[in-house]
Amino acid sequence: MSRITVVGGTGYAGSAIVAEAARRGHEVVSVSRSVPAEEARVEGVRYETGSLVDADVRARAVADAEVVVSSLSPRGELDGRIVEVDRELATLAEQHGARFVVVGGYSSLRLEEGGPRQAETGQIPPEYAGEALQMNEVLGELLASAESLDFTFVSPAMQFGAYAPGDALGRYRVGGEVAFTDEAGVSAVSGADFALAIVDELETPAHRREHISVAY
Ligand SMILES: NC(=O)c1ccc[n+]([C@@H]2O[C@H](COP(=O)([O-])OP(=O)(O)OC[C@H]3O[C@@H](n4cnc5c(N)ncnc54)[C@H](OP(=O)(O)O)[C@@H]3O)[C@@H](O)[C@H]2O)c1
């Protein structure tokens, strides 16, 4: 049993991770600005409120955690601030000896071995480009960080998100920084199966200081 704090634990990816971690008996804290409606809360999870833009909230989020999962998105208040917020969380995690796991974007993956990360190609539709570039910058900082920071950056499949929640199939595959597809050529993963992969990685760390991808 680990003490896991999920910042952004009420969002699309975060709420699936919170639910899976709590189901497996971990002590889970979610931090976000608002608390979900009672029927959407997961039993046993402590929902704390506050903005991660606030240094006190960040400090509180990391203080007791063995693992910090950042499942924030660079939208709204965090648009233009996610790099700084994740950087500060990483520093705190390192100071506390906590593991730091970031849920990033598909677009940080390379489409072929040795090729550029998709976010760096300039070929992302304008409505996604800002988010893609910001999460890619978070990844860049983590890859360049001191060895003492225990991080994993996880890119989900292309078809992933609140618009495509999918079904819990109880399976997934883990790849590296090159995107992969299923036998039908599709890159997809449901929220539940992505969460399965994250909690498996938390319980049995296999990808320290790596950029990995999760898809079917
Ligand atoms: N296919 C893909 O590549 C793909 C698709 C979807 C998402 N993603 C990535 O997955 C990650 C998570 O995205 P998501 O869609 O799950 O995000 P989301 O649903 O928008 O959730 C964001 C979470 O952060 C919280 N939050 C927002 N601003 C905050 C603040 N200032 N302080 C504290 N909490 C704050 C939100 O709750 P409150 O608003 O209550 O604070 C919510 O819990 C992102 O990196 C995103 O780029 C990738």
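Which residue has a polar backbone atom 3.3 Å from an oxygen atom of the ligand? That residue is G8, and the pair is a polar contact, a term for two N or O atoms within 3.5 Å of each other. The model is predicted, so that local features need pLDDT of at least 70 and side-chain atom pairs count only at pLDDT 80 or more, while totals for chains, interfaces and linings use all residues. Residues are numbered from 1 along each chain as its sequence is written, and side-chain values use heavy atoms, with hydrogens and water left out.

Two side chains also make polar contacts with the ligand: a polar atom of T10 lies 2.7 Å from one of the ligand's oxygen atoms, and an N or O atom of S51 is 3.1 Å from a ligand nitrogen. Taken alone, the ligand exposes 910 Å², of which the protein buries 86%, the areas coming from the Shrake-Rupley method with a 1.4 Å probe.

Around the ligand stand 28 residues, of which T10, A13, R33, S34 and Y106 come nearest; a residue counts as near if one of its heavy atoms lies within 4 Å. By class, this shell has 12 nonpolar, 12 polar and 4 charged residues, where Asp, Glu, Lys and Arg count as charged, Ala, Val, Leu, Ile, Met, Phe, Trp, Tyr, Cys and Pro as nonpolar, and the others, Gly among them, as polar.

Turning to the backbone, R209 belongs to the loop between α5 (191-203) and β8 (210-215), helices being DSSP runs (H or I) of at least four residues and strands runs (E) of at least two. Phi of R209 is near 55°, a positive value in a residue other than glycine. Most residues other than glycine have a negative phi.

Terms used:
Polar contact = N/O pair within 3.5 Å; in protein donor to acceptor, adjacent residues only side chain to side chain.
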